[in-house]
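Work through the exercises below with the coordinates open. Each task is followed by a stepwise solution.

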Amino acid sequence: AKYDSKGFAVFKNNLAEVIVAYIEPITKEYSKIIQDKQYVLGVLNTGKEKASIVAASTLRKVYDNFGLI
């Protein structure tokens, strides 16, 4: 109804404005975080440690089920 008498270009421009406004806080936070290299490395290391624990558990189950080691 709002865009019935308007061209597609008007809708497209308004949609772009809404999308930019929606992602702006995300972009600002990303920019802030990505500049803190120590924080990023800390998060990556924490993820690596958690993944290693899960992977070790999974491998242990696989080895047990297949009778390896």
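The exercises cover aromatic pairs, a surface patch, and helix geometry.

This is a predicted model, in which local features need pLDDT of at least 70, side-chain atom pairs count only at pLDDT 80 or more, and totals for chains, interfaces and linings use all residues. Residues are numbered from 1 along each chain as its sequence is written, and side-chain values use heavy atoms, with hydrogens and water left out.

**Exercise 1. Find the aromatic pairs and classify them.**

Step 1. Set the rule: rings of Phe, Tyr and Trp (its six-membered ring) pair if their centres lie within 6.5 Å. Planes under 30 degrees apart count as stacked, over 60 as edge-to-face, and the rest as tilted.

Step 2. Count: the rule gives 2 aromatic pairs.

Step 3. Take Tyr3 and Phe11. Their centres are 5.3 Å apart and their planes meet at 80°, so the pair is edge-to-face.

Step 4. Take Phe8 and Phe11. Here the centres are 5.9 Å apart, with 40° between the planes, and the pair is tilted.

Step 5. Join them: Tyr3, Phe8 and Phe11 make one aromatic cluster.

Step 6. Check the sequence spacing. Phe8 and Phe11 are about one helical turn apart, because they sit 3 residues apart in helix 1. Helices here are DSSP runs (H or I, at least four residues), numbered from the N terminus.

**Exercise 2. Assign exposure classes to the cluster, then to Ile23 and Tyr30.**

Step 1. Set the classes: buried is under 20% relative accessible area, exposed is over 50%, and partly exposed is in between (1.4 Å probe, protein chains only).

Step 2. Tyr3 has 24% relative accessibility, so Tyr3 is partly exposed. Phe11, at 33%, is partly exposed. Phe8 reaches 58% and is exposed.

Step 3. Ile23 lies in helix 1 (residues 8–34). Its 37% makes Ile23 partly exposed.

Step 4. Tyr30 is found in helix 1. At 53%, Tyr30 is exposed.

**Exercise 3. Which residues make the nonpolar surface patch of about 720 Å²?**

Step 1. Keep residues with over 30% relative accessible area and no salt bridge (a side-chain nitrogen of Lys or Arg within 4 Å of a carboxyl oxygen of Asp or Glu).

Step 2. Join nonpolar side chains (Val, Leu, Ile, Met, Phe, Trp, Tyr) within 5 Å.

Step 3. Read off the members: Phe8, Phe11, Leu15, Ile19, Tyr22, Ile23 and Ile26.

**Exercise 4. Compare the span of helix 2 with its expected value.**

Step 1. The expected span is 1.5 Å times one less than the number of residues.

Step 2. Helix 2 (residues 37–66) has 30 residues, for an expected 44 Å.

Step 3. From first C-alpha to last, helix 2 reaches 42 Å, close to that value.

Step 4. Look just past the end: Gly67 takes a positive phi of about 70°.

Technical notes:
Patches are made of residues with over 30% relative accessible area and no salt bridge: like charges are joined within 9 Å, nonpolar side chains (Val, Leu, Ile, Met, Phe, Trp, Tyr) within 5 Å. Accessible areas come from the Shrake-Rupley method with a 1.4 Å probe; for residues, only the protein chains shown count as cover. Helices (H or I, at least four residues) and strands (E, at least two) are DSSP runs, numbered from the N terminus.
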